[in-house]
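Colleague: I'm new to this one and would like a close look at a single part before I take in the rest. Could you start from one residue and work outwards?

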Amino acid sequence: MNGTRNHPAYWAFLVHRLSGLALALFLPAHFWLLGSALQGAASLEANLAWTHQPMVIAAEWGLITLLAAHLAGGLRLLALELLPWRDWQKTLAAWAAGFALLAGLAFAFAR
Amino acid sequence: MTRLEARLWLAQRATALVLAVCVMVHLATILYAVRSGLSAEAILGRTRGQWGWAIFYGAFVLAASVHGAIGLRTIAREWLGWRHGSGVAATLLCVALALLGWRAVAAVVMS
């Protein structure tokens, strides 16, 4: 592994990009499921029943964590690009990771 | 940077700022919803006739569609080397995501 890839900023970039990709792939399914309410509550309920499986709940936890990671990573990027605090890169990346983990845990305990 | 790239960069950051607020509200809403029940009746009971939320989520969908499409275009160009046609594909994806998302918002507010 070269020096660039061993830097926290590289991992922050990779997490941000992969979490964004996963969320973009998830969105159509999320919208389609909610849109099934147009056929009535029974139709929505039938689709929601599928989401009660343990594997789907685990995937939901993963998505919440990725959403929080993408949010925190995005705020980090905006701060780096728009504010003059570049020395804080590592600290911001650590805060982003901590926030994502916290959001994932909050969802896991609530579910 | 071409004028198009500059505009896309600006649109990506502007939508990121909108999404930062929307995602924080959405994460809080998810935690509340998970604790209050995720059956079709429970969901629709909270959303039916809530036009304020419809406007909020309508704006959220638009920002996410633009942001996601620009992000996927960047990934297609940088990781897949897909230069020709990635802009058209991203535009179509943006429109499809927005329509699917607004359909979902309408479904849970009006059904």
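Colleague: Where is the place of Q39(A) in chain A? And please take me on from there to the surroundings.

Modeller: Happy to. Keep in mind that this is a predicted model. Q39(A) sits in the loop that runs between α1 and α2 (41-50) of chain A. Is Q39(A) buried or exposed? The answer is in between: 13 other C-beta atoms lie within 10 Å, and a residue needs 20 or more to be buried and 12 or fewer to be exposed, so Q39(A) counts as partly exposed. You can also try F26(A) as a landmark. F26(A) and Q39(A) are 13 residues apart in sequence, and their C-alpha atoms are 22 Å apart in space.

Now step back to the chain that holds this loop. Chain A has four helices and zero strands, so if you read along the sequence you meet the pattern α-α-α-α. Of its 111 residues, 25% count as buried. Take the contacts in chain A with a separation of 6 or more: residues 24 or more positions apart make up 71% of them.

In chain A, have a look at α3(A). Its 29 residues should span 42 Å at 1.5 Å a residue, and the C-alpha atoms at its ends are 42 Å apart, which agrees. A good number of residues in this helix are buried, including I64(A), L66(A), L67(A), A68(A), A69(A) and H70(A). Further along α3(A), L71(A), A72(A), G73(A), G74(A) and R76(A) are buried too.

Two of those names come back when you look at the nonpolar core. The largest one has 43 residues, and L67(A) and A68(A) are among those with the most contacts inside it, together with A96(A), A69(B) and V108(B). As you can tell from the letters, both chains take part: α1 (8-35), α3 (54-82) and α4 (89-110) of chain A each supply at least two residues, and so do α1, α2, α3 and α4 of chain B. As a general background, nonpolar side chains tend to be buried together in soluble globular proteins.

That brings us to chain B. Chain B also reads α-α-α-α along the sequence, with four helices and zero strands. Its radius of gyration is 17 Å, well over the 13 Å that the globule rule gives for 111 residues, so chain B is more spread out than a compact globule. Along the principal axes, its C-alpha atoms fill a box of roughly 50 × 25 × 25 Å. In chain B, 29% of the 111 residues count as buried. Residues 24 or more positions apart account for 78% of the chain B contacts with a separation of 6 or more.

For α3(B), the 29 residues should span 42 Å at 1.5 Å a residue; its end C-alpha atoms are 41 Å apart, which agrees. After α3(B) comes G81(B), with a positive phi near 65 degrees. As for A69(B), the core residue named above, its contacts beyond four places in sequence are A90(B), L93(B), C94(B) and L97(B).

So where do the two chains meet? In contact with each other are 27 residues of chain B and 29 residues of chain A. On the chain B side, α1 (3-36), α2 (40-47), α3 (51-79) and α4 (86-110) each give two or more residues. α1(B) gives the most, with nine. By type, the chain B side has 18 nonpolar, five polar and four charged residues.

Two residues of chain B let you see this up close. L44(B) is in helix α2 of chain B, and with 19 C-beta neighbours inside 10 Å it counts as partly exposed. Leaving aside neighbours within four places, L44(B) is in contact with A37(A) and A41(A) from chain A, and with V108(B) and S111(B) from chain B. L44(B) and S111(B) are 67 residues apart in sequence, but 7.8 Å apart in space, C-alpha to C-alpha.

The other is R103(B), in helix α4 of chain B. R103(B) is partly exposed, with 16 C-beta neighbours inside 10 Å, and beyond four places in sequence it is in contact with F31(A) and G35(A). Its C-alpha atom is 9.5 Å from that of G58(B), 45 residues away along the chain.

Last, the predictor's own scores. Chain B averages a pLDDT of 95, and 100% of its residues score at least 70. For the complex, the predictor gives an ipTM of 0.93 and a pTM of 0.89.

Notes:
Residues are numbered from 1 along each chain as its sequence is written. Chains are lettered from A and ligands numbered from 1 in the order in which they are written. This is a predicted model: local features need pLDDT of at least 70, side-chain atom pairs count only at pLDDT 80 or more; totals for chains, interfaces and linings use all residues. Two residues are in contact if their C-beta atoms, placed from the backbone, lie within 7 Å. Ala, Val, Leu, Ile, Met, Phe, Trp, Tyr, Cys and Pro count as nonpolar, Asp, Glu, Lys and Arg as charged, and the others, Gly among them, as polar. pLDDT is the predictor's confidence in each residue, from 0 to 100. A nonpolar core is a set of buried Ala, Val, Leu, Ile, Met, Phe, Trp, Tyr and Cys residues joined through C-beta atoms within 7 Å. The expected span of a helix is 1.5 Å times one less than its number of residues. The radius of gyration is taken over C-alpha atoms; the globule rule is 2.2 Å times the number of residues to the power 0.38.
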